[in-house]
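Biologist: Hey, got a minute to walk me through this one? I'd like to know what I'm looking at.
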Amino acid sequence: MNRTLLKVQVAVLAIGTGFSWITLVFDYQRFFASGGHVLNISGCAVTNPIITPCFYGALAFLAAFVWALAILRSAPESVLKRQRGLQLLLAAGTVFAWGNFTYEVYRVMQSQPAASAFSCPAGEVVVNPLMTPCFYGALIFLTTLVVSILITRAHR
């Protein structure tokens, strides 16, 4: 079996993991610069990133990346079973990311959009949804899901 698609999957997830965690670091820098502390969940000018979609997307990317590495290193006969489990995680991540993007589009369409703790980036004024990390994360999740589907089809 050609393991090229498995390597592509790992590479795309590495990009997504790096992107999501860098975004999270910038969110934490903004949070700490505004006077927030690690355990502050409310009462701060900037929302604690731990309660934002970006945090959970970063966790999903990390979990999927580790899972994809495990699949890459596994025996060829166990790839399909493990890949199906990863594919479910990628599908959930894709739905979650596109759901957040849809929320951003909804907020932009409001006549007087307000900042929200669940926006991307958190707590900031509404920006063009195509410029948010949620959009790019959704694209990366979707790309990896497509690669995952190609892997499962190649193993049949």
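Biologist: Let's begin with contacts between residues at least 6 apart in sequence: what percentage join residues at least 24 apart?
Modeller: In the protein chain, 64% of those contacts join residues at least 24 apart. Contact here means heavy atoms within 4.5 Å.
Biologist: And where does the model come from?
Modeller: This is a predicted model, where local features need pLDDT of at least 70, side-chain atom pairs count only at pLDDT 80 or more, and totals for chains, interfaces and linings use all residues. Residues are numbered from 1 along each chain as its sequence is written, and side-chain values use heavy atoms, with hydrogens and water left out.
Biologist: OK, how many helices and strands does the protein chain have?
Modeller: The protein chain has 4 helices and 0 strands, so along the sequence you read α-α-α-α. Those labels are DSSP runs numbered from the N terminus: H or I of at least four residues for a helix, E of at least two for a strand.
Biologist: How much of the chain is buried?
Modeller: Of its 156 residues, 40% count as buried. Buried means under 20% relative accessible area, exposed means over 50%, and partly exposed is in between, using a 1.4 Å probe on protein chains only.
Biologist: Now the packing. How do people describe two packed helices?
Modeller: By the angle between their axes and the distance between the axes. The axes are lines fitted to C-alpha atoms, for helices over the stretch in contact, and angles run from 0 to 180 degrees between N-to-C directions.
Biologist: So at what angle do α1 and α2 pack?
Modeller: At about 155°, with their axes 8 Å apart. That is why α1 and α2 are roughly antiparallel to each other; the cut-offs are under 35 degrees for roughly parallel, over 145 for roughly antiparallel, 65 to 115 for roughly perpendicular, and oblique for the rest.
Biologist: Which hand is the crossing of α1 and α2?
Modeller: Left-handed. That term applies if the near helix is turned anticlockwise from the far one by less than a right angle, and right-handed if clockwise.
Biologist: Which residues of α1 and α2 meet there?
Modeller: On the α1 side they include Leu6, Lys7, Leu13, Ala14, Trp21 and Asp27, and on the α2 side Phe55, Phe61, Phe65, Ala68 and Leu72 are among them. By class, the contact has 18 nonpolar, 4 polar and 2 charged residues. Ala, Val, Leu, Ile, Met, Phe, Trp, Tyr, Cys and Pro count as nonpolar, Asp, Glu, Lys and Arg as charged, and the others, Gly among them, as polar.
Biologist: Lysine 7 caught my eye. Is lysine 7 buried or exposed?
Modeller: Exposed, with a relative accessible area of 54%. Lysine 7 lies in helix α1, and its C-alpha is 7.1 Å from that of leucine 72, though the two are 65 residues apart in sequence.
Biologist: What about alanine 14 and alanine 68? How far apart are their C-alpha atoms?
Modeller: They are separated by 9.6 Å, with their positions 54 residues apart along the chain. Alanine 14 is partly exposed, at 33% relative accessible area.
Biologist: Next pair: at what angle do α2 and α3 cross?
Modeller: Helix α2 (residues 53-73) and helix α3 (residues 79-109) cross at roughly 165°, and their axes come within 10 Å. That makes α2 roughly antiparallel to α3. The contact includes Tyr56, Trp67 and Ile71 of α2, plus Arg82, Leu86 and Phe96 of α3.
Biologist: And α1 with α3?
Modeller: Their axes come within 13 Å and cross at roughly 30°. That makes α1 roughly parallel to α3. Leu6, Gln9 and Leu13 of α1 make the contact with Val79, Gln83, Leu86 and Leu90 of α3.
Biologist: Switching to charges: how many salt bridges are in the whole structure?
Modeller: A search finds 2. A salt bridge is a side-chain nitrogen of Lys or Arg within 4 Å of a carboxyl oxygen of Asp or Glu.
Biologist: Which residues pair up with arginine 30 and glutamate 104?
Modeller: Arginine 30 meets aspartate 27 at 2.4 Å, N to O. They are 3 residues apart in helix α1 (residues 4-33), so about one helical turn separates them. Aspartate 27 is buried at 5% relative accessible area, whereas arginine 30 is partly exposed at 29%. Glutamate 104 pairs with arginine 107, their closest N and O atoms being 3.2 Å apart, and both of these residues are buried.
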